[in-house]
Amino acid sequence: MDAISLFEQLANITHHQVSDELIDKLPIELKHAFITSNSQLIREKIAGQHIFPDSRAVIQG
Amino acid sequence: MNSSNGSLTVVGSGIKFLSHLSTETEAYIKQSDKVVYSLNEPAMEAWIRKNNKNSESLNFLENQHNFRIDTYKAITNYIVNEVKKSQHVCAVFYGHPTVFAKSALDAALTLDEEGYSTKILPGISSEDCLFADLKIDPGSHGCQSYEATDLLIRRKKIDPSSHAILWQIGIIGAVQGLEEHNNKIGLELLSNYLAKFYDNNHPIIIYEAALYPHLQPVIIRCHLSELKTAKLSSLSTLYITPAFQAPISAAILKKLGITKLK
């Protein structure tokens, strides 16, 4: 199972249902980021070189 | 009305991958003729591409301009032109699509003026996540919400009796690209400005919403005096607790005929 499919699966269960067995299906670098709740690291690992915007506000004159 | 010639529906995908997608937003993503999107993470992009074969990222416009304001104008123009190709377009922005998202709102307003059908659907914003994760009710004291740079350059007045939320404290003064932005001066200016309204030992929280299901948000509790040296990211938001409860005017209570508040 690829990482995105696994996160899709995680989005459809409650936190009571998150099991070690499910988390073990994540690639090792994503597993570590998941356990440490590092959202930005997961994003980086999935995105590779692709940069996603973190902000979009503009100061208007 | 040009509704038969094309329409725009602007939707928000929320902050947390898939978990924040509403049923109506999902329907528009799947059923629209064309989907354009600006997202905060790659899994949502993959989901959209899987569910609408005619979808396109707006990120290619990010690298074409030095100033962010020009990028946002380009995004607005691109969306408007897609609608004018006589198709029903769904524009997806992360979070809530008109909270800190000038380009989406401008596209809808421009098309409104030209008689096209437009609709904006709400999404879960970072602010919504903050209220939930920090377990606060903005109605309890009132709530102020400012973009950090805007607060500083306009010298906005903060009411310390209300909740205060300051956005984008990790990129103060960044009007161009964010990659090489040095936030040190901006953070020092912000800390000094906030010290006009709060004691140095006033509690603050540095917050980042979780991007993926079942991850915890970042919640760093510290004091205002520690803000200058705090380690921030471009996702960091500052929450400041109310310093006191504003007093009640007995005269106004009487005029309203209120004899008991609780």
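How many residues does the contact take from chain A and from chain B? Let's work through that and three more exercises on this predicted model.

**Exercise 1. Describe the contact and the side that chain A brings to it.**

Step 1: Start with the counts. Chain A contributes 24 residues to the contact, and chain B contributes 35 residues.

Step 2: Look for the helices on the chain A side. Both α1 (3-10) and α4 (39-47) of chain A supply at least two residues each to the side that touches chain B. The largest share comes from α4(A), with 6 residues.

Step 3: Sort that side of chain A by residue class. You should arrive at 14 nonpolar, 6 polar and 4 charged residues.

**Exercise 2. Work out the strand order of the open sheet in chain B, and find its edges.**

Step 1: Trace the pairing across the sheet. Its 5 strands run in the order β3-β2-β4-β1-β5 (chain B), and the pairing is parallel.

Step 2: Pick out the strands that pair on one side only. These edge strands are β3 (55-57) and β5 (117-120) of chain B.

Step 3: Add the twist, which averages 15° from one strand to the next.

**Exercise 3. Take the pair β1 and β4 of chain B, then place helix α1 of chain B against the sheet.**

Step 1: Recall the general picture. Sheet strands pair through backbone hydrogen bonds, in either a parallel or an antiparallel way.

Step 2: Apply it here. Strand β1 (residues 7-12) and strand β4 (residues 88-93) of chain B are paired in the parallel sense, over 6 bridges. For one residue-level example, B:Val10 has B:Ala91 in β4(B) as its bridge partner.

Step 3: Now bring in the helix. Helix α1 (residues 23-31) of chain B packs on the sheet and touches β1, β2 (34-38) and β4 of chain B. The direction of this helix makes about 135° with that of β1(B).

**Exercise 4. Examine B:Phe100 and B:Arg155, and decide for each: buried or exposed?**

Step 1: Check the backbone. B:Phe100 is not a glycine, yet its phi is positive, at about 55°. B:Arg155 is not a glycine either, and has a positive phi of about 50°.

Step 2: Locate the residues. B:Phe100 sits in the loop between β4 and α4 (102-113) of chain B. B:Arg155 lies in the loop between α6 (148-154) and β7 (163-167) of chain B.

Step 3: Count neighbours. B:Phe100 has 20 other C-beta atoms within 10 Å, so it is buried. B:Arg155 has 8 C-beta neighbours inside 10 Å, so it counts as exposed. The cut-offs behind these verdicts are 20 or more for buried and 12 or fewer for exposed.

Key:
Residues are numbered from 1 along each chain as its sequence is written. Chains are lettered from A and ligands numbered from 1 in the order in which they are written. This is a predicted model: local features need pLDDT of at least 70, side-chain atom pairs count only at pLDDT 80 or more; totals for chains, interfaces and linings use all residues. Two strands pair if DSSP finds at least two bridges between them. Helices (H or I, at least four residues) and strands (E, at least two) are DSSP runs, numbered from the N terminus. Axes are lines fitted to C-alpha atoms, for helices over the stretch in contact, and angles run from 0 to 180 degrees between N-to-C directions. Two residues are in contact if their C-beta atoms, placed from the backbone, lie within 7 Å. Ala, Val, Leu, Ile, Met, Phe, Trp, Tyr, Cys and Pro count as nonpolar, Asp, Glu, Lys and Arg as charged, and the others, Gly among them, as polar.
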